[in-house]
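I wanted to go through this one slowly and jot down what I looked up. These are my notes, in the order they ended up making sense.

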Amino acid sequence: MGNAAVISAPTEVCAPALTMLGAIDAAKTAIGQMTGQQVDAIVQCSRADGGDWTVAVDVIESFARMGDNDLLTTYEVQINTQADLVNFNRVRRYHREDQDN
């Protein structure tokens, strides 16, 4: 028997899955670039069945002149598995003292 050539199928290299911390970092970067505002808090982070992440971020839209009554805005962003921003939505504006309402 002669030398038979062995042909193997190309192997597909998969990128590692985007972690929650990676999605949060991508969301914070995207919010900062889009709004120019300072991130105050991460409000929520969850992954959909398809692997995309939804992250809700509070930013300080306007600092209070006196006291702790900053104007905050909550943005909800969707980050895909490559850490790219695919959706951006402002969902709420409120004063810090009204946070629980």
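**Asn80 first.** I started with a polar residue and asked myself: is Asn80 buried or exposed? Asn80 comes out buried, because its relative accessible area is 13% and the cut-off for buried is under 20%. Worth keeping in mind that I'm looking at a predicted model. Asn80 sits in the loop between strand S3 (71-79) and strand S4 (85-95). I then checked what its side chain reaches, and found the backbone nitrogen of Asp84 at 2.9 Å. Setting aside neighbours within four places in sequence, I get Leu18, Asp52 and Val86 as the contacts of Asn80.

**Ala83, while I'm in that loop.** Ala83 is also placed between S3 and S4. I looked up its phi and got a value near 70°, which is positive in a residue other than glycine. Ala83 is partly exposed, with a relative accessible area of 33%.

**Overall layout.** I stepped back to the whole chain and counted one helix and four strands. Read along the sequence, that gives α-β-β-β-β. Of the 101 residues, 28% count as buried. The chain exposes about 7,200 Å², and carbon and sulfur atoms supply 48% of that. I also looked at contacts with a separation of 6 or more: 37% of them are between residues 24 or more positions apart.

**The sheet.** In what order do the strands sit? I read S1-S2-S3-S4, an open sheet of four strands with antiparallel pairing. S1 and S4 stand at the edges with a single partner strand each, so one side of each has no neighbour in the sheet. The twist averages 20° from one strand to the next.

**Pair by pair.** S1 (residues 38-47) and S2 (residues 53-62) run antiparallel and are joined by eight bridges. One register marker I noted there is Ile42, whose bridge partner in S2 is Val57. S1 and S2 make a hairpin with five residues between them. In that turn, Gly51 has a positive phi of about 105°. At the other end of the sheet order, S3 and S4 pair over nine bridges, again in the antiparallel sense. For a register marker here I took Thr74, which has Arg92 as its bridge partner in S4.

**Where the helix goes.** H1 lies across S1, S2, S3 and S4. Against S2, I have H1 running at about 40°.

**The core.** Next I asked which residues have the most contacts inside the largest nonpolar core. The core has 14 residues, and the names that came up are Ala27, Ile31, Trp53, Val55, Val57, Val77 and Ile79. Helix H1 (20-35), S2 and S3 are the elements that give two or more residues to this core. H1 gives the most, with five residues. I followed three of the core residues further.

**Trp53.** Trp53 is in strand S2 and is buried, with a relative accessible area of 4%. Its contact list, not counting residues up to four places away in sequence, is Leu18, Thr19, Met20, Ala23, Cys45, Ser46, Arg47, Val77, Gln78 and Ile79. Leu18 also turns up in a polar pairing: its backbone oxygen lies 3.2 Å from a polar atom of the Trp53 side chain. I checked one long-range pair too: Trp53 and Gly22 are 31 residues apart in sequence but 9.8 Å apart in space, C-alpha to C-alpha.

**Val77.** Val77 belongs to strand S3. With a relative accessible area of 1%, Val77 is buried. Beyond four places in sequence, Val77 is in contact with Ala27, Ile31, Trp53, Thr54, Val55, Leu85, Asn87 and Phe88. Its C-alpha is 8.6 Å from that of Ala30, across 47 residues of sequence.

**Val57, to finish.** Which residues does Val57 contact, leaving aside neighbours within four places in sequence? I listed Ala27, Ile31, Val39, Ala41, Ile42, Val43, Thr73, Thr74 and Tyr75. Ile42 was already in my notes as the bridge partner of Val57. Ala27 and Ile31 are in the Val77 list as well, and both are among the core residues with the most contacts.

How values were computed
Residues are numbered from 1 along each chain as its sequence is written. This is a predicted model: local features need pLDDT of at least 70, side-chain atom pairs count only at pLDDT 80 or more; totals for chains, interfaces and linings use all residues. Side-chain values use heavy atoms; hydrogens and water are left out. Two strands pair if DSSP finds at least two bridges between them. Buried means under 20% relative accessible area, exposed over 50%, partly exposed in between (1.4 Å probe, protein chains only). A polar contact is a pair of N or O atoms within 3.5 Å; within protein, one must be able to donate a hydrogen and the other to accept it, and residues adjacent in sequence count only if both atoms are side-chain atoms. Contact means heavy atoms within 4.5 Å. Accessible areas come from the Shrake-Rupley method with a 1.4 Å probe; for residues, only the protein chains shown count as cover. A nonpolar core is a set of buried Ala, Val, Leu, Ile, Met, Phe, Trp, Tyr and Cys residues joined through side-chain atoms within 4.5 Å. Axes are lines fitted to C-alpha atoms, for helices over the stretch in contact, and angles run from 0 to 180 degrees between N-to-C directions.
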